[in-house]
Amino acid sequence: MRRDLGRKPWFYPLPVLIIGTYDENGVPDAMNAAYGGLYNSGMIEFSIGHGRKTFQNIQASKAFTVSFADAANLAASDYVGLVSGSDTPDKIRRTGWTVTPSRFVNAPLFEELPVTWECEFVRLTEEGNVLGRLVNISVREDVLAEDGTVNMEKFKPLVFDHATYDYLKVDGIAGKAFEAGKCLM
């Protein structure tokens, strides 16, 4: 039996995205963005309030990073969504994250977050979302498999459950895409 719950913004899974920027003085900032994902194979889109410091930084620098939060950085990843860089100037110091400038765009990498997209700002969508073009993907070597892909069992990315407000971690392989269904052919 099924139950109708009405209109809810429950889209599963929602990656926990950490948007990194520099302000006009080169001070790094980060925010937790709940609504975001692929726009196409080389672009990302996410929703962000236009009054946010991160939005203003993107408009000024025309660049940003998108790191995928992991289980090891749960508290710091949640924290950057709780406070504003406008009100808490030492926000990044409080996370304990190490900041390294991207070699590809004018935005920070956070060394503790293992997988990061480095992006150029493209434009705002009709709905006001940020649209960015992927320039590079930077990955810490300790989460790579032997073939150079990201090993999810080592990475343990977080996903957000909008229904319960829980963070969950991706922890293991359930099956192989384009293979698991062949048993039904």
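Q: Why is Cys 119 called buried?
A: Cys 119 has a relative accessible area of 0%. Buried means under 20%, so in this predicted model Cys 119 earns the word.

Q: And why is Cys 183 called exposed?
A: The relative accessible area of Cys 183 is 64%. The cut-off for exposed is over 50%, and Cys 183 therefore counts as exposed.

Q: How many disulfides does a search of the whole structure find?
A: Zero. A disulfide would need a pair of cysteine sulfur atoms within 2.5 Å, and the search turns up none.

Q: What makes Asp 23 and Lys 53 a salt bridge?
A: Their closest N and O atoms are 3.4 Å apart. The rule asks for a side-chain nitrogen of Lys or Arg within 4 Å of a carboxyl oxygen of Asp or Glu, so the pair of Asp 23 and Lys 53 passes.

Q: Why can one say that the pair of Asp 23 and Lys 53 ties parts together?
A: Asp 23 sits in the loop between strand 2 (17-22) and strand 3, while Lys 53 belongs to helix 1; the pair therefore links parts that are 30 residues apart in sequence. Both Asp 23 and Lys 53 are buried.

Q: What makes Lys 91 and Asp 29 a salt bridge?
A: Here the closest N and O atoms are 3.6 Å apart. That is within 4 Å, so the pair of Lys 91 and Asp 29 counts too. Lys 91 is in helix 3 (residues 91-95) and Asp 29 in strand 3, so this salt bridge ties together parts that are 62 residues apart in sequence. Lys 91 and Asp 29 are both buried.

Q: What about Asp 90 and Arg 94: how far apart are N and O in their salt bridge?
A: The N to O distance is 3.1 Å. With the limit at 4 Å, the pair of Asp 90 and Arg 94 therefore qualifies. Asp 90 and Arg 94 also belong to a network of salt bridges that includes Arg 93. By the rule used here, the structure has seven salt bridges.

Q: Why does Asp 90 count as partly exposed?
A: Asp 90 has 24% relative accessibility. Partly exposed covers what lies between under 20% and over 50%, so Asp 90 fits that class. Its partner Arg 94, with a relative accessible area of 53%, is exposed, because exposed begins over 50%.

Q: How do you know that strand 4 and strand 5 pair, and in which sense?
A: Strand 4 (residues 36-40) and strand 5 (residues 43-46) share four bridges. At least two bridges are needed, so the two strands count as paired, in the antiparallel sense. Among the residues involved, Gly 36 has Phe 46 of strand 5 as its bridge partner. Strand 4 is joined to strand 5 by a hairpin that runs through two residues.

Q: What makes the lining of the largest pocket nonpolar, polar or charged?
A: By class, 18 of its residues are nonpolar, two are polar and none is charged. This pocket has a volume of about 500 Å³. Of its 20 lining residues, those closest to the centre are Pro 15, Phe 68, Trp 117, Met 152 and Phe 155. Strand 4 gives the largest share of the lining, three residues.

Q: How does the lining of the second largest pocket divide by class?
A: It has eleven nonpolar, seven polar and five charged residues. The second largest pocket has a volume of about 310 Å³, and Met 31, Asn 32, Ala 33, Ala 34 and Gly 81 are the closest to its centre among 23 lining residues. Strand 3 gives the most to this lining, with four residues.

Q: How do you know that phi of Lys 156 is positive?
A: Its value is near 55°, and Lys 156 is not a glycine. Most residues other than glycine have a negative phi. Lys 156 lies in the loop between helix 4 and strand 11 and, at 25% relative accessibility, is partly exposed.

Q: Why does Tyr 165 count as exposed?
A: Tyr 165 has 59% relative accessibility, and exposed means over 50%. Tyr 165 also has a positive phi, about 60°, and is found in the loop between strand 11 and strand 12.

Q: Thr 164 lies in which loop?
A: In the loop between strand 11 and strand 12 (166-169). Thr 164 has a relative accessible area of 43%, so Thr 164 is partly exposed. The C-alpha atoms of Thr 164 and Trp 10 are 9.8 Å apart in space, while the two residues are 154 residues apart in sequence.

Key: Residues numbered from 1 in each chain as written. Predicted model: local features only at pLDDT ≥ 70, side-chain atom pairs only at ≥ 80, totals over all residues. Heavy atoms only, no water. 1 Å grid on protein atoms, 1.4 Å probe; cavity = no way out; pocket = protein on both sides within 12 Å on 5 of 7 lines; lining within 4 Å. Points joined across faces, edges and corners; volume = space filled by probe spheres on them. Nonpolar A, V, L, I, M, F, W, Y, C, P; charged D, E, K, R; others polar. Buried < 20%, exposed > 50% of the residue type's maximum accessible area, 1.4 Å probe, protein only.
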